[in-house]
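The following paragraphs lead through a structure, starting with one chain and ending with a few backbone details. Please keep the sequence and the coordinates at hand while reading.

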Amino acid sequence: MALLQLSEPGQSTAPHEHRLAVGIDLGTTNSLVATVRSGMAVVVNDELGRSLLPSVVRYSAAGPIEVGFSAQSHQSADPKNTIVSVKRFMGRALKDIAHIESMPYDFIEAEGMIKLKTAQGVKNPVEVSADILKAMRERAELALGGALTGAVITVPAYFDDAQRQATKDAARLAGLSVLRLLNEPTAAAIAYGLDNAAEGIYAVYDLGGGTFDISILKLSKGVFQVLSTGGDSALGGDDFDHRVFCWVGEQAQLSPVSLGDARLLQMRAREAKEFLTQHGEAPITAKLSTGEFVDLKLTSEIFAEITRTLVQKTLGPTKKALRDAGLTPEDIKGVVMVGGATRMPQVQHAVEAFFGKEPLNNLDPDKVVALGAAIQANLLAGNRASGDDWLLLDVIPLSLGIETMGGLVEKIIPRNSTIPVARAQEFTTFKDGQTALALQVVQGERELVSDCRSLARFELRGIPPMVAGAARIRVTFQVDADGLLSVTAREQTTGHEARVEVKPSYGLNDDEVTSMLKDGYTHASDDAFRRALREAQVEAQRLVEAVQSALKEDAHLLSTLERAHIDSCLSKLQSVLLGDDRRAIDAGLDALSKGTAEFAARRMNQGVRRALAGRKVDEVNL
Amino acid sequence: MSSFDSEALRQDFFSLFGLPRQQGLDVDRLEQLYRDIQAKVHPDKHAYLSDSEKRLAMQWSTHVNEAYQTLKDPLKRARYLLKLAGHDVRLETNTAMPTEFLVEQMELREAVIDARDAGDADALDVLHRRLKKDIRAEYTLLQQTFDANMLERAGELVRQLMFQEKLIQEVDDALEVIER
């Protein structure tokens, strides 16, 4: 373990100290990890120099958990235990998943998210994703030579709350501290914007393995402002493979095939798709377990024809996103292409025809998301150099609403609201002495609850008994900068804080996550203990540095007494910071955090005043 | 949460941005001020700090977003101005509108329904432009009404505009269905 450097109170730590932060593109098909080294965003390769990690995990009866290429090589031999494209299952129930009949897994329909039966027991998609993230973390820590301070994980912009929460849970399970969940198209825009110093309005067309996202962004003077976003969370490159797979089945007149054969043909379909990017036709040959031979030729014309509707399907959300932003295709200065599936010529042509300009392809569409995430992670970790101090303003992709009488949805936060965002709504009781109230929160654009995705059922308990209609319960729905929802409630007339119980309709509740974390600990309790201690130390060090630099800048905001209190909290934390008493570190952290809360509030006020004052001097310079 | 309830977060949205309390507003300037303040308070600027600071940043950033969204949109701005002036628009109870306006709106609505049922995107497009023009003129009138401090009349115009904005939204929704 690296020793932490200490400095005297009030003295700032060395400015060149670099916190290890990474961006992770947790993709449907492949995953990548990137970091910023000497000011440049680079993808971290594995020991064989490969940048992509196939998002494949194998839970075989005998061996350890395999992730990546070795797992992928067992795809057709061991389809049941080899999980591919797990991203499609995140925060999803059985009924949500397309083409389920052609998947080789033993699904278990569980309350909330589906689970998969493997030779190593029942796994939920969060655990499978955590194994991929763990492999990414280990790769990065090996290459960078230390524990990571934090990570930015990318998610499709169109991911709903359940899918985002599942991703964050997976990161926690993998031992990663999440600095931010970042929307994939936004990450791509960061990578492009900083490379090309672009100004203007851009569209990011992101066709990944399993999801399609379109985002409209305005880039100007160091601000990336997402104007609107749209997409289809169940449309991607895999669907193109599936069309080819079906075409092969028809052409070769195959009777229903075994799981292993299906996997084999799907792989051949994917290879053919990739081959057609550079060639006019692709051979598809396979020898099935039944002894049948498949020997076909797929031309790019046929391929374009059988996938035409898929390409068309991306243009609907594109039009909608433009309309939400109040723009037309002519307003777009450039179209950034992201995701391996955008390599398909028919996709490039369709985008060019729609926007009337050639799309931008100068960054590798497979890497651009991870690179952008790394740049954002570097900034969030506090490794900022002068000149790269930009701001990102992102939006919530889908409207949040609550169920009202008759199964109708009342929107509380409309889609494309800039986050963080909060909305408060008042409710009352309809029975005398009523002490509880239930709220159904949904996400989606339709008017009927049954057409939207149910996010959670919130039960407010502990409302003081009053006559019907007298209670005024103010419920606040807060969406944070990760796009995640939290709910608080307060009875207004008595100021009583109502207890909120959340029953997520999809995803895992907190208890389940806690128990998964515990399971992980019992397997390697010693390791987990050291890890937790290390995390507390890193957190403490981070706070000490932050407070020191705040004191250096703004000590004038404090009275002598206040200053003395902060200094004493500071030295107390510093004295235990290097020890192995985690409880003492936590207590010190808590005390310093509380002791500086008011200071932080004053600094924030001062920042706002200065921002306004700066403007006035600039513009009202009489 | 004492700091969140501090005076800074309770001041009205115009004061937050240091702008005069009126309907006429330079939207570009508002946007610039908004970006400058977000650059100070946004959670991303505090991601490596303590949890309490992160929470504070989220509250500030949320507040600034709400203030910006309210002032940016002329209809929301007008409603907010009326609220600040203590003038109740009585949206739910007061539905009285000039007969002429109502007749015109009903005709427009019928045209929208016909075009939607016929799947006629071109007709919807024409209606969209027509409505947009009407609405723009109405906003100019609204600003003049505020400047003359005729709040009762401003309230009427706000009610009419909500009607019109809802209709143009229906046109856009219909267009979306056709294009899907």
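How many helices and how many strands does chain B have? In this predicted model, chain B has eight helices and zero strands. Read from the N terminus on, its elements therefore run α-α-α-α-α-α-α-α, helices being DSSP runs of H or I with at least four residues.

The overall dimensions of chain B come next. Its C-alpha trace spans about 60 × 45 × 30 Å along the principal axes. The radius of gyration of chain B is 20 Å, whereas a compact globule of 180 residues would have one near 16 Å. The domain assignment divides chain B into domain 1 (7-72) and domain 2 (99-179). Taken over C-alpha atoms, the centres of domain 1 of chain B and domain 2 of chain B are separated by 31 Å. Of the 180 residues of chain B, 33% count as buried. Among the contacts in chain B with a separation of 6 or more, 65% are between residues 24 or more positions apart.

Chain B also touches chain A. The contact takes 33 residues from chain B and 37 residues from chain A. On the side of chain A that touches chain B, two or more residues each come from β12 (178-183), α8 (308-324), β19 (391-393), β22 (421-427), α12 (525-554) and α15 (597-619) of chain A. The largest share of this side is that of α15(A), with 13 residues. By class, the side of chain A that touches chain B has 20 nonpolar, eight polar and nine charged residues.

How confident is the predictor in chain A? The average pLDDT of chain A is 85, and 89% of the residues score at least 70. Over residues 1-16 of chain A the pLDDT is below 50, and this stretch has 21 contacts in the model beyond near neighbours in sequence. Residues 617-622 of chain A also have a pLDDT below 50, but that stretch has zero contacts beyond near neighbours in sequence.

Within chain A, three strands form an open sheet in the order β6-β5-β7, and the pairing is antiparallel. Why is one side of β6 (66-67) and of β7 (82-84) of chain A left without a neighbour in the sheet? Both strands stand at the edges and each has a single partner strand, so one side of each stays without a neighbour. Strand β5 (residues 56-58) of chain A is joined to β6(A) by two bridges, and the two run antiparallel. A:Arg58 has A:Glu66 in β6(A) as its bridge partner.

Some backbone details of chain A remain, and two of them fall in the loop between β21 (408-413) and β22. A:Pro420 lies in this loop, and the peptide bond from A:Ile419 to A:Pro420 is cis, with omega near 0°. A:Asn416 is found in the loop between β21 and β22 of chain A as well. A:Asn416 is not a glycine, yet it has a positive phi of about 65°. With 19 other C-beta atoms within 10 Å, A:Asn416 is partly exposed.

Another positive phi occurs in the loop between α5 (237-251) and α6 (259-275) of chain A, where A:Gln253 lies. Phi of A:Gln253, a residue other than glycine, is near 50°. Is A:Gln253 buried or exposed? A:Gln253 counts as exposed because 7 other C-beta atoms lie within 10 Å, and the cut-off for exposed is 12 or fewer.

Methods: Residues numbered from 1 in each chain as written. Chains lettered and ligands numbered in written order. Predicted model: local features only at pLDDT ≥ 70, side-chain atom pairs only at ≥ 80, totals over all residues. Contact = placed C-beta atoms within 7 Å. Nonpolar A, V, L, I, M, F, W, Y, C, P; charged D, E, K, R; others polar. pLDDT = per-residue confidence, 0-100. Rg over C-alpha atoms; globule rule 2.2 N^0.38 Å. Buried ≥ 20, exposed ≤ 12 C-beta atoms within 10 Å, placed from the backbone. Domains from an automatic or database assignment. Pairing = 2+ DSSP bridges.
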